[in-house]
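User: I should like to discuss the pockets of this predicted model. Please set each statement against the definition on which it rests.

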Amino acid sequence: MNIHEYQAKEIFTAYGLPVPGGKVAGAVDEAVALAEEYGLPVMVKSQVLTGGRGKAGGVKFCESMDDVRTAADAILGMDIKGHTVHKVLITPAVDIDSEFYIGMLIDRNTKRVLLMASAEGGVEIEQVAKDTPELIFKHAIDPRFGLLDHEALGMGLKLVPDDIKKARQLGATMQKLYRAFVGADASLAEINPFIFTPTGEGHAIDAKVNLDDNALFRHPGYEDLRDLAAEDRSERKARVAGLSFVKLEGNVGCLVNGAGLAMATMDLVKYYGGQPANFLDIGGSSNPEKVVNALTIILEDPEVKAILFNIFGGITRCDDVAKGIIKATESMDITVPIVVRLTGTNETEGRALLAKTDLHPAETMDEAVQKAIELAG
Ligand code: GDP
Ligand code: MN
């Protein structure tokens, strides 16, 4: 789950990271009132779930109340890379002397939290990684020990080789960020930029955190951080229905049991020249209600011209699955053709049930996929 800068900053603050105060406003007058509370200058910052806001005009430095009014008015309602701004963060502006990048993510190669840091802060780190990868320093953190003092200081010194005081501050920031990362069950945490003022004070002036969906159950409070307005409508419906769903651009709707089989199905659709409309894992159940939910979500997409069921009956028997599909499709008004491939336990019984319907049965995965692509046109 992706959260907003102001929410990430709340987590950072709880872990002792130096974040300038701030509050969000949804209207111009509210923004001005907050600026009066903090005193000038302030930053007016769009809160959208995407990066590069500064470049897009969604981050403004304001020296007067008129500036605040103009900036809030311009930014609220602005579209940034397809995201509409509903809230702005008002935060005291700080003087920037130097900017750094400090980030962490889960690295699948080392199977550790990877700390990345660079003195090329404030710019898009993806660009730095592409143009000058040698300017990004990396350290895979050993989960048994965490980020040890000498390791943190070593990383700090790579960023500021001749300033031990700043190197210590940067190192301490990395250690706090690691504690926040682990404590919040994040999958990504970034400070870009971490800045020093001319008098040497350090501040995390931007914050980006992705939370690991699989660990949300450990943090009941985090559910409130979800921005429902920013979530794709069908993906939200699927999440509430307990389905694992990702919307894609194609026209073949896919209902598959098991994430691996769902991936293989999408691969095969592409292999035969088609485009999957979605990833969907309906899990190991033949429950007609689940099938109805899944079909409803898929059919909300007007691009979908054919539906492909690819079901492997293991513990769930194929005849039960067939009954579930038949019951679900009979209760709905579906105009697009449906291809069903059932294999596994009791497949003969399952296929016999399907033969009595106008669903299109298929025996092999190749046959099913090709048929679905053909029917989708
Ligand atoms: P992003 O563009 O989405 O990454 O948004 P940021 O929060 O990183 O803001 C973009 C840029 O605005 C930063 O890199 C800074 O250069 C500038 N900025 C943000 N906060 C301040 C501040 O308090 N003072 C000053 N002078 N500039 C700031
Ligand atoms: Mn930034």
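User: What is the volume of the largest pocket, and what makes a residue part of its lining?

Analyst: The largest pocket holds about 1000 Å³ of space. A residue counts as lining if it has an atom within 4 Å of a point of the pocket. The lining of the largest pocket comprises 41 residues. Among them, R53, G122, N192, P193 and D206 lie nearest the centre. Two or more lining residues come from each of α1 (5–14), β2 (42–46), β3 (59–62), β6 (88–92), β7 (98–107), α4 (125–131) and β10 (186–196). With four residues, β10 gives the most.

User: Why is the largest pocket said to lie between domain 1 and domain 2?

Analyst: Both domain 1 (21–92) and domain 2 (98–224) give residues to the lining, and the largest pocket therefore lies between them.

User: How is the lining of the largest pocket divided by class?

Analyst: There are 20 nonpolar, nine polar and twelve charged residues in this lining. Gly counts as polar under the definition used, so G122, which is one of the lining residues, belongs to the polar class.

User: Which residues lie nearest the centre of the second largest pocket, and which elements line it?

Analyst: The second largest pocket, with a volume of about 610 Å³, is lined by 17 residues. Nearest its centre are D213, R226, E231, E235 and R239. The elements that give two or more residues to this lining are α7 (233–240) and β13 (244–247). The largest share, three residues, is from β13.

User: What makes D213, R226, E231, E235 and R239 charged residues?

Analyst: Asp, Glu and Arg are counted as charged, so these five residues fall in that class. The lining of the second largest pocket has seven charged, seven nonpolar and three polar residues.

Key:
Residues numbered from 1 in each chain as written. Chains lettered and ligands numbered in written order. Predicted model: local features only at pLDDT ≥ 70, side-chain atom pairs only at ≥ 80, totals over all residues. Heavy atoms only, no water. 1 Å grid on protein atoms, 1.4 Å probe; cavity = no way out; pocket = protein on both sides within 12 Å on 5 of 7 lines; lining within 4 Å. Points joined across faces, edges and corners; volume = space filled by probe spheres on them. Domains from an automatic or database assignment.
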